[in-house]
Amino acid sequence: MIKKIWTLVIVLIAISAQAQDAITTKLYDSYEQYKETSLGKRRIKHSDIQPLIQELKANPKFEVQKVGESIEGRDLHLISIGAGKKNIFLWSQMHGNEPTATQAIFDILHFLDAPEFKEEKEVILSNLKLHFLPMLNPDGAEVFQRRNALGVDINRDALRLQSPESQALKRIRDSLDADFGFNLHDQSTYYNAELTEKPATISYLATAYNYEKDINDVRANAMKVIVYMNNIIQNYAPGQVGRYSDDFEPRAFGDNIAKWGTSLILIESGGYQNDPEKQEIRKLNFVSIISALYTIANESFKSIPTEDYEKIPKNDRMLFDLKITNASYELLGKKYIIDLGIFRNEVDLKGHNDFYYQSSVADQGDLSTYYGYENFDASGYTIVQGKIAETENLSNPMELLQNGIAFVKTQLPEQKKFTDLPVLLVNKDFKLNEFRLGPGDNPTFFLKKDGKFAYAVINGFLIDLSKPLKEQETGNGLIVR
Ligand SMILES: [Zn+2]
């Protein structure tokens, strides 16, 4: 008899897991109809979200209140919906250059407003009251920087509370005394899931509330919901979830909010192959956060073992944008074998609406413990310096590259710092120094094999010289004055 009951319990759990999987799949597949299309790039500003907040204000389903102002006087809004007893508080972009979850929040608000998924939303909104504070640091977002206008990291201001943004966050946390808090960030794209080449597309943390990293019920609940979300992400980005370090930081908001009694879930949006604007990651936020709200509302998360949290691989930081291995490199007449790790750094354009790439060698030597988003085995290839040509004819850049030319002396366009051409445009008096590659240098060179220029690396972008340029990701070249 007991055996039969257990069989039944297991079958029921399997059925409910299947049903939830089906909901998640439906959410993922129907995402486009909820996506806020006006927020399509990472560099979004306070003015971009104001019309969306005004729309919500006019919608009787939502309560919208002004809850504070940034140092430079930009309004902070709290958007609430639901009739449940449990308060859930979600805030994003306390670091101004971390916008992925802000975008996802507006997608989630559209979803909550739409007619579909009636049953699931009924469960969510009758059990929970949801409170969203998108873009906590609008002054930082204005110039796409981490810190606020005071030059302070809001996430180190939870105790001193000098910034008005910090004061607003604390005031709302205290007034809601929320059961769950979602602390929504972006992390470096160079994080990977430990000991794998997979980027940590999403990283989670059930934030610790003391140095001992004790697990009380409040923290255990956060761990359980994270395990639930991790299982969902595994369907869409297998192996691409990391566990963020749980070292206690006494000045941080997450750690203090956990201490004040809210189950604190940190979500970090990292990197994803060929997704520089993080729109796929935004979608993963949408699916996993809504699913998390559902499991919190129906309490299905409670049966998840806390130990499963520890099975999520730790975050590590071992990725490069481009990793070149086993290249032959000549210095002072002798040959060496080196690997190169390359970062494609973003430099903001004026107005902070867009950027160009200014790449650098991040490391060189034996990089066998590192990984790359893009990898090239350069065994048998020799790194050689690019040559200079003087021409005004830039109509066939491939021909220049095939002749080993990386630097072009030409009339430089005024003020611009980059070019769409895969070369470096230089001044008439430009001269090449003796060729040496070192960390920090701009990675521009050729890979030669059997006397032929086979590949070019221009500003950190690898170009196959046997294939048409238009079929390749060539990034941008630079203008060197
Ligand atoms: Zn952050």
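**Helix packing and internal cavities**

In H4, the residues Glu120, Val123, Ile124 and Asn127 meet Ile290, Leu293, Tyr294, Ala297 and Asn298 of H9. This contact between H4 and H9 comprises six nonpolar, two polar and one charged residues. The two helices, H4 and H9, pack at an angle of about 65°, and their axes lie 9 Å apart. The crossing of H4 past H9 is left-handed. The model described here is a predicted one, and the contact of H4 with H9 makes a convenient doorway into it.

H9 has a further partner in H7. Helix H7, which spans residues 217-236, packs with H9 at an angle of about 140°, with 9 Å between the axes. Here the crossing is right-handed. From H7, the residues Val225, Tyr228, Met229, Ile232, Ile233 and Tyr236 take part, and they meet Leu284, Val287, Ser288, Ser291, Ala292, Thr295 and Ile296 in H9. Sorted by class, the contact of H7 with H9 holds ten nonpolar and three polar residues, with no charged ones.

With these contacts in place, the empty space inside the model can be considered. Searching the whole structure yields three cavities of 30 Å³ or more. The largest cavity has a volume of about 70 Å³. Its lining is made up of Gln20, Ile23, Thr24, Leu27, Phe111, Phe117, Glu120, Ile124, Tyr228, Ile290, Ser291 and Tyr294. Several of these names will be familiar from the helix contacts: Glu120 and Ile124 of H4 meet H9 residues that include Ile290 and Tyr294, while Tyr228 of H7 and Ser291 of H9 belong to the contact of H7 with H9. At least two lining residues of the largest cavity come from each of helix H1 (2-29), helix H4 (118-127) and helix H9 (279-298). The biggest share of this lining is that of H1, which gives four residues. In terms of class, the lining of the largest cavity has eight nonpolar, three polar and one charged residues.

The second largest cavity has a volume of about 40 Å³. Around it stand His46, Ile49, Gln50, Ile53, Asp75, Leu76, His77, Pro134 and Met135. Helix H2 (46-57) and strand S2 (75-81) each contribute at least two of these lining residues, and H2 gives the most, with four. The class make-up of the lining of the second largest cavity is five nonpolar, three polar and one charged residues.

H2 also takes part in a helix pair of its own. Ile49 and Ile53, both in the lining of the second largest cavity, are among the H2 residues in contact with H3. In full, Ile49, Leu52, Ile53 and Leu56 in H2 meet Thr102, Phe106 and Leu109 in H3. Six of the residues in the contact of H2 with H3 are nonpolar and one is polar, and none is charged. The angle between H2 and helix H3 (residues 100-113) is about 25°, and their axes are 12 Å apart. Because angles under 35 degrees count as roughly parallel, H2 and H3 are roughly parallel to each other. The crossing of H2 and H3 is left-handed.

Key:
Residues numbered from 1 in each chain as written. Predicted model: local features only at pLDDT ≥ 70, side-chain atom pairs only at ≥ 80, totals over all residues. Heavy atoms only, no water. 1 Å grid on protein atoms, 1.4 Å probe; cavity = no way out; pocket = protein on both sides within 12 Å on 5 of 7 lines; lining within 4 Å. Points joined across faces, edges and corners; volume = space filled by probe spheres on them. Nonpolar A, V, L, I, M, F, W, Y, C, P; charged D, E, K, R; others polar. Axes fitted to C-alpha atoms, helices over the stretch in contact; angles between N-to-C directions. Parallel < 35°, antiparallel > 145°, perpendicular 65-115°, else oblique. Left-handed = near helix turned anticlockwise from the far one by under 90°. Contact = heavy atoms within 4.5 Å.
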